[in-house]
Amino acid sequence: MQAKQDPCSHPGLMHPDQAIPKLLDQVQPTADTEVVQLNQAMGRILAEDLASMLDLPPFDNSSMDGYAFRLADLQQSSTLKLAGYSFAGHPYEGEYQPGTCIRIMTGAPVPACYDTVQMQEKTQADGELITIEAPDATGTNVRGRGEELKAGDKVLVKGTRIGAAEMGVLATIGQSQVRVYRQLTVAFFSTGDELRPVGSDLAPGQIYDSNRYSILGLLQKAGVNWLDLGVIADDPEAIRAAFLEASSNADMVLTSGGVSVGDADYTKQILDEEGEITFWKMAIKPGKPFAFGKLGDAVFCGLPGNPVSSMVTFYKIVMPLLQKMQGLPPQPSLSVKATLTSPIRKHPGRVEYQRAILSRNDQGELEVCTTGSQGSGMLTSMSLANSFIVMPQMQGDTPAGTQVDVEPFNEILS
Ligand SMILES: Nc1nc2c(c(=O)[nH]1)N[C@H]1C(S)=C(S)[C@@H](COP(=O)(O)OP(=O)(O)OC[C@H]3O[C@@H](n4cnc5c(N)ncnc54)[C@H](O)[C@@H]3O)O[C@H]1N2
Ligand code: MOO
């Protein structure tokens, strides 16, 4: 017997694997760059390849507190005479005398006349006489100049998002400032007469506007500037005015609500009049009604009003668009297989992103269960989740015990 189709699906809906590349073709990376000080560079995207100006490390140095010496000298006697000191920042500058060693600290330069370091715990000091347990090989405990990188080697490539490690790497190669892509601005607002801002009282039939806050959180994680235009009433002229203000101040205009077929769903209509609508509706659940287009020079994304739908469409569609516009290369989404521990009810017709909890069982195997009810208005299903179970478009009901595809939330959602 044929499984019952998703009643909200119909044959015109495009699979996200087809639709997302088409949408990506319609946006371009920003060409604008600027130079920022390194302490302002966190989260920004590198606009140039960077080569090291230095060998790394820049000089031979000790990886241990101990003594530096010539390994060959230990063949005559395991006791060497202390000739001086090399501390980090204070190199030893004396001449080499056979049968000598120097006291050396971690990170201090190993003078060219010595080739090996022994850690303090494998030595014995008696005044200026140091008895050393011979290490296995010449060069032990010496971090050689250039062993990590040679001057001129490429260190970071254009399109890298600068995270904590990159901040440190840039400092290591002496970069006090860095050229990055211009930070994008996203203007956003919610539409709906039922929406009230937090901090106000609710009259019958009203709810708090939550989408603006989840979207704000996502935009902050995405590393863009944002312009919050608040809640706009279900009024064509108010929406038109908001569109114009948003599009003249931003690279992307993001709205939530009003993209379906209801009597007060004006977003698509005004977009059609003021700009261009190039795409609407995708075979995904939640998030089927998603509007895409152009508004002046800005890219327009109209997210569905249901709170989970707006987050899922942001994550699956808006995020890759923003990443491309910011100058990032395509970011692959990671997927793992896990065993479903509770059954899933699903109609064939749309790819479903079921909010889920991925964990390891006592045997160390990955297992996954949904967060429970999957209504697209139930935002707690997102806050409880650490992953999506991705159910293929034509999949129907699925029993516990099945291996399913799971996408753990990336840094944008966690
Ligand atoms: N006849 C049809 N009706 C609906 C369809 C359909 O295909 N045919 N699709 C449904 C699906 S799927 C979705 S998703 C929604 C999307 O509708 P809209 O984008 O027009 O959103 P609204 O109608 O404005 O709101 C939907 C829902 O979400 C609540 N909402 C809206 N904005 C916010 C906000 N900022 N914070 C919190 N909650 C918000 C709103 O009160 C509604 O409950 O359409 C279905 N209908
Ligand atoms: O696509 Mo809607 O987002 O199912 O609720």
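Good morning. I begin with the surroundings of ligand 1, whose shell consists of nine nonpolar, 14 polar and five charged residues. Please keep in mind throughout that we are looking at a predicted model.

In total, 28 residues surround ligand 1, and the closest are Asn211, Gly257, Ser260, Pro304 and Gly305. Which helices contribute to this shell? Helix α3, residues 211-222, and helix α6, residues 307-326, each provide at least two of its residues.

The second ligand has its own set of neighbours. Around ligand 2 we find Lys285, Pro286, Gly287, Lys288, Pro304, Asn306, Ser309 and Ser376. Sorted by class, that shell holds two nonpolar, four polar and two charged residues. Pro304 appears here, and Pro304 is also listed among the closest residues to ligand 1.

Let me now place these sites in the chain. The domain assignment divides the protein into four parts: domain 1 comprises 16-31 and 183-326, domain 2 comprises 34-56 and 147-181, domain 3 spans 62-143, and domain 4 spans 336-408. The centres of domain 3 and domain 4, taken over C-alpha atoms, are separated by 60 Å. An unreviewed UniProt entry also carries the annotation "domain: MoaB/Mog" for residues 187-324. Over residues 187-324, helix accounts for 38% of the chain and strand for 29%, while the end C-alpha atoms lie 18 Å apart.

I turn next to the sheets. One open sheet has six strands, ordered β16-β13-β17-β21-β20-β18, with mixed pairing. Its edge strands are β16, residues 225-232, and β18, residues 276-280, each of which pairs on one side only. On average, and with direction ignored, neighbouring strands of this sheet are turned by 20° against each other.

Within that sheet, strand β13, residues 185-191, runs parallel to β16, and six bridges join the two. One bridge partnership links Thr185 to Asn225 in β16.

Helices pack against these strands. Helix α4, residues 236-249, touches β13, β16, β17, β20 and β21, and its direction makes about 175° with that of β16. Helix α3, which also contributes to the shell around ligand 1, lies across β13, β16 and β17 and runs at about 165° to β13.

A further open sheet, again of six strands, has the order β7-β4-β6-β5-β9-β8, and its pairing is mixed. Which strands form its edges? They are β7, residues 116-119, and β8, residues 123-126, each pairing on one side only. Here the average turn between neighbouring strands, direction ignored, is 40°. Strand β4, residues 66-69, pairs with β7 in the antiparallel sense over four bridges, and Gly66 has Met119 in β7 as its bridge partner.

Finally, I come to strands β22, β23 and β24. Strand β22, residues 336-340, runs parallel to strand β24, residues 366-370, and two bridges join them. Leu340 is partnered there by Val368 in β24. Strand β23, residues 351-360, instead pairs with β24 in the antiparallel sense, over five bridges, with Ile357 standing opposite Cys369. Five residues lie between the strands in the hairpin of β23 and β24, where Gly364 adopts a positive phi near 85°.

Thank you for your attention.

Notes:
Residues numbered from 1 in each chain as written. Chains lettered and ligands numbered in written order. Predicted model: local features only at pLDDT ≥ 70, side-chain atom pairs only at ≥ 80, totals over all residues. Near = placed C-beta within 6 Å. Nonpolar A, V, L, I, M, F, W, Y, C, P; charged D, E, K, R; others polar. UniProt positions renumbered as here; feature names shortened; annotations may be inferred. Pairing = 2+ DSSP bridges. Axes fitted to C-alpha atoms, helices over the stretch in contact; angles between N-to-C directions. Contact = placed C-beta atoms within 7 Å. Domains from an automatic or database assignment.
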